[in-house]
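Let's take a walk through this one together. Have the sequence and the 3D view open, and we'll go from the whole chain down to single residues.

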Amino acid sequence: MKVIGVGFGRTGTASLKVALETLGIGPCYHMSEVFATPGHIDLWIRAADQVKAGETPDWETIFSNYQSGCDFPIAGFWRELADHYPDAKIILTVRDPEKWFVSTQETILSPRMVDMSRPTPFGTLSEKAIWSYLGGDVHDRAKMLDAFDRHVQAVKNTIAPERLLVFEVKDGWAPLCAFLGVPEPDMDFPRVNSQEETKAVLEMLMGEGAEQTLSGGGLGDAQDATMNKKVFGKD
């Protein structure tokens, strides 16, 4: 792994994924891979259990063929991954915490999404690797904002400054490319996975085929195509 994005979901992680892949630092692992790849929900559940037991997960299997990664569930394991890949550069995506909280409640942590996930293997993964990291009650504004702030401060206090980029996607290519030591592409910075696009994808995931997807069986071809188009702008 050359680059690890440790920002929470809904801080521009999908745009970061597309940007890193555009720069040739891909494929980039993202929550979309957890849904799309059969068996990966189970791999993350096992990783969470191993970390809790003081053991080292099989990160090489999870990130096989990937040069970078970002989003949940990676963000909850940032310490372990930063230690395991000591040469990887770390990118912390951030945004206004209040806007982040509102966005999560409309999308990835909406009551409907959480309730539907809870009895499934994806719910088990979420409880072990995401919801617990966020303080348990993902609908409690104060707890969520506190978790956001504590995460940002912990990353800043732990990762060496020369290894870390605190990044807002609105700042575009310049800070990202300077940090990575690569030329800026002659194209606009990707702006993908808006709140409305994410809501549409989650409706798809909670619709036909939800049992297979949330149980770790991967996405069907139609679901995969919809995910790529609506989340990452890829045909």
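What follows is a tour of the chain as a whole, then its helix packing, then some backbone oddities.

Keep in mind that this is a predicted model. The protein chain has 13 helices and five strands. Of its 235 residues, 52% are buried. If you take contacts between residues at least 6 apart in sequence, 73% of them join residues at least 24 apart. On the outside, the chain exposes about 10,500 Å², and carbon and sulfur atoms supply 49% of that.

Start with helix α1, residues 13–22. How many of its 10 residues are buried? Eight are, so α1 is largely enclosed by the rest of the structure. The buried set is Thr13, Ala14, Ser15, Leu16, Lys17, Val18, Ala19 and Leu20, and you'll notice that Lys17 is one of them. After α1 comes Gly24, with a positive phi near 85 degrees.

Now for how helices pack, beginning with α3 (residues 40–52) and α8 (residues 121–131). Their axes come within 9 Å and cross at roughly 30 degrees, and the crossing is left-handed. On the α3 side, the residues to click on are Ile41, Trp44, Ile45, Ala48 and Asp49; they meet Pro121, Phe122, Thr124, Leu125 and Lys128 of α8. Sorted by class, that contact has seven nonpolar residues, one polar and two charged.

A second pair worth a look is α6 (residues 97–106) with α9 (residues 141–158). Here the axes come within 10 Å and cross at roughly 120 degrees. Angles from 65 to 115 degrees would count as roughly perpendicular and those over 145 as roughly antiparallel, so α6 ends up oblique to α9. The crossing is right-handed. From α6, the contact takes in Pro97, Glu98, Trp100, Phe101, Thr104 and Gln105, while α9 brings Arg141, Met144, Leu145 and Phe148. That contact has six nonpolar, two polar and two charged residues.

Swing over to helix α7, residues 111–117, where you'll find Ser117. Is Ser117 buried or exposed? Its relative accessibility is 1%, and anything under 20% is called buried, so Ser117 counts as buried. Setting aside neighbours within four places in sequence, Ser117 is in contact with Phe122, Gly123, Trp131 and Leu214. Phe122 also turns up in the α3–α8 contact above.

Last stop: the backbone. Most residues other than glycine have a negative phi, and most peptide bonds are trans. That's the background for the next few spots.

Two peptide bonds here are cis. One runs from Gly26 to Pro27, with omega near 5 degrees, and Pro27 sits in the loop between α1 and β2. Another runs from Phe72 to Pro73, with omega near 0 degrees. Pro73 belongs to the loop between β3 (68–69) and α5 (78–84).

That loop between β3 and α5 also holds Asp71. Asp71 has a positive phi of about 80 degrees although it is not a glycine. With a relative accessible area of 7%, Asp71 is buried.

Finally, look at Asn65, in the loop between α4 (59–62) and β3. Its phi is positive too, near 75 degrees. What about its surroundings? Asn65 has a relative accessible area of 69%, so it is exposed.

Definitions and conventions:
Residues numbered from 1 in each chain as written. Predicted model: local features only at pLDDT ≥ 70, side-chain atom pairs only at ≥ 80, totals over all residues. Heavy atoms only, no water. Axes fitted to C-alpha atoms, helices over the stretch in contact; angles between N-to-C directions. Helix = DSSP H or I, 4+ residues; strand = E, 2+ residues; numbered from the N terminus. Parallel < 35°, antiparallel > 145°, perpendicular 65-115°, else oblique. Left-handed = near helix turned anticlockwise from the far one by under 90°. Contact = heavy atoms within 4.5 Å. Nonpolar A, V, L, I, M, F, W, Y, C, P; charged D, E, K, R; others polar. Buried < 20%, exposed > 50% of the residue type's maximum accessible area, 1.4 Å probe, protein only. Areas by Shrake-Rupley, 256 points an atom, 1.4 Å probe, with all protein chains shown as cover.
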